Amino acid sequence: MILDGKTALVTGGSRGIGRQVCLRLAAMGAMTGINYVSNSSAAEQTLAEIEQSGGRGFLAPFDVSDSAAVQDAVKKITAAYESIDILVNNAGITRDGLMARMKDEDWDQVLDTNLKSAFICSKAAMKGMMKKRWGRIINMTSVIGFLGNAGQVNYAAAKAGMVGLTKSMARELASRNVTVNCIAPGYIITDMTSELPGDIQEAIKAQIPLGTLGKPEDVAAAAAFLASPESGYVTGQTLHVNGGMYMGN
Ligand SMILES: NC(=O)c1ccc[n+]([C@@H]2O[C@H](COP(=O)([O-])OP(=O)(O)OC[C@H]3O[C@@H](n4cnc5c(N)ncnc54)[C@H](OP(=O)(O)O)[C@@H]3O)[C@@H](O)[C@H]2O)c1
C-alpha cells in the first residue's frame with residue numbers, strides 16, 4: 001500500500017478513465033476523492049466499488065471550471081483530510097464540430113472544462129503540497145493534442161495547452177518536490193468514445209499498431225506509476241498510452 005496516508009483527488013472520477021484511476025489509487029492505499037459534476041449515481045457506484053475492495057474514498061461534487069466552487073471544495077477536503085497529496089486533473093468534455101460552424105460557446109466550454117480547470121484545481125491544491133514538500137499532479141491530455149483532429153479544434157487546443165501548462169508547472173514546483181506530468185491516452189473505451197460509429201472505430205483500430213482500443217485500466221496503470229513515490233525523478237513529461245498510434249513526444 002504505497003499510498004497509505006496520502007489523499008488523492010481525481011476530477012471526473014465518476015465514470016470512464018477517472019473511475020478506474022480512483023479504484024487504482026484507492027487500492028494503493030490512498031484516501032481517494034471522487035469528483036463529478038452531475039452524475040451522482042455513477043460517483044456513488046465508484047465509491048461503492050472502492051469500499052467493496054477495502055479501500056477508502058469520498059465524494060467531491062463540484063464543477064471544475066468554477067473557480068469559487070473549486071476553492072471551496074479544496075478548503076473542505078483539506079480541513080477533513082489534512083492535504084491533497086495527489087491531484088489528477090482528468091475531467092473533460094467534447095463539443096465537436098468543424099471550425100467553420102463551431103460556436104464560441106463550444107470553444108469556451110471545452111477550454112474551460114478541459115484546460116482552465118487544471119489551472120484552477122492545481123492552484124488550489126498545490127499550496128498544501130508545497131508546504132508538505134511532496135506532491136503529484138497528473139494532467140490528462142490526449143493523443144489529439146499531439147496529432148490534431150478535424151472537428152476538434154477546441155479539444156485539441158485544450159489538450160495541447162495542457163502540455164505547456166504541465167511543463168511550466170513542473171519547473172515552478174520542482175524545488176518543492178512536487179512533480180507534474182501528463183498522461184496522453186489514445187482511443188479508450190468510455191462513454192466519450194462509445195458514440196463513435198462502428199466504421200469510425202474500425203478506421204481508428206487500423207491506425208493502432210496494437211490493434212485494439214485501450215481500456216480505462218490501461219490509463220489507470222500509468223496514473224498509478226505517476227502517483228507513486230517511485231516516479232519521484234519524473235517531471236514535466238507526457239506518458240503516452242495509445243497502443244502505439246503516436247510515438248513522438
Ligand atoms: N476516452 C478516450 O478515448 C480519451 C482519450 C484521450 C483523452 N481522454 C481524456 O480523459 C479524460 C476522461 O475521459 P473519459 O473518456 O473517461 O470521459 P467520460 O467517460 O465522458 O467521463 C467524463 C468525466 O468528467 C466529468 N466532468 C465533466 N465535466 C465536468 C465538470 N465541469 N466538472 C467536474 N467533472 C466534470 C464527468 O462527470 P459526470 O459523471 O458528473 O458527468 C465524468 O466523470 C478526459 O479529460 C478526456 O478528454 C479520453
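Start at the ligand: by class, its shell holds twelve nonpolar, 16 polar and three charged residues. Bear in mind while you click around that this is a predicted model.

**Stop 1: the ligand shell**

Select everything around the ligand and you should have 31 residues. Which of them are the closest? Those are G12, G16, N39, G92 and T190, so label these five before moving on.

Now colour by secondary structure. Four elements each give two or more residues to this shell: α1, β2 (31–36), α4 (104–132) and α7 (191–194). Keep α1 and α4 in mind, as both come back later in the tour.

**Stop 2: zoom out**

Show the whole chain as a cartoon. You'll be looking at nine helices and seven strands. How does the radius of gyration compare with the globule rule? The chain comes to 17 Å, close to the 18 Å that the rule gives for 249 residues, so it is as compact as a globular protein of that length. If you want a feel for the box it fills, the C-alpha trace spans about 50 × 35 × 35 Å along its principal axes.

**Stop 3: α1 against α9**

Select residues 16–27 for α1 and 216–227 for α9. Their axes come within 8 Å and cross at roughly 50°. That angle makes α1 oblique to α9, since it falls outside the ranges for roughly parallel (under 35 degrees) and roughly perpendicular (65 to 115). The handedness of this crossing is right-handed.

For the contact itself, show side chains for G16, I17, R19, Q20, V21, R24 and L25 on the α1 side. Across from them, on α9, pick P216, E217, V219, A220, A223, A224 and A227. Sorted by class, that contact has nine nonpolar, two polar and three charged residues. Notice G16 in your selection: you already labelled G16 at the ligand.

**Stop 4: α1 against α2**

Keep α1 on screen and add α2, residues 40–52. Oblique or roughly parallel this time? The axes come within 10 Å and cross at roughly 25°, which makes α1 roughly parallel to α2. Here too you get a right-handed crossing.

Highlight R19, C22, L23 and A26 from α1, then T46, E49 and I50 from α2, and you have the contact. Its make-up is four nonpolar, one polar and two charged residues. R19 should already be showing, as it is part of the α9 contact.

**Stop 5: α3 against α4**

Finish by selecting α3, residues 67–81, together with α4. Look down the pair: the axes come within 9 Å and cross at roughly 25°. α3 and α4 are therefore roughly parallel to each other, and their crossing is right-handed.

Which residues meet here? From α3, take S67, V70, Q71, V74 and T78; from α4, take I120, C121, A124, A125 and G128. By class, you'll count six nonpolar and four polar residues, with no charged ones. Leave the ligand on display for this last view, since α4 is one of the elements in its shell.

Key:
Residues are numbered from 1 along each chain as its sequence is written. This is a predicted model: local features need pLDDT of at least 70, side-chain atom pairs count only at pLDDT 80 or more; totals for chains, interfaces and linings use all residues. Axes are lines fitted to C-alpha atoms, for helices over the stretch in contact, and angles run from 0 to 180 degrees between N-to-C directions. Angles under 35 degrees count as roughly parallel, over 145 as roughly antiparallel, 65 to 115 as roughly perpendicular and the rest as oblique. A crossing is left-handed if the near helix is turned anticlockwise from the far one by less than a right angle, and right-handed if clockwise. Two residues are in contact if their C-beta atoms, placed from the backbone, lie within 7 Å. Ala, Val, Leu, Ile, Met, Phe, Trp, Tyr, Cys and Pro count as nonpolar, Asp, Glu, Lys and Arg as charged, and the others, Gly among them, as polar. A residue is near a molecule or strand if its C-beta atom, placed from the backbone, lies within 6 Å of it. The radius of gyration is taken over C-alpha atoms; the globule rule is 2.2 Å times the number of residues to the power 0.38.
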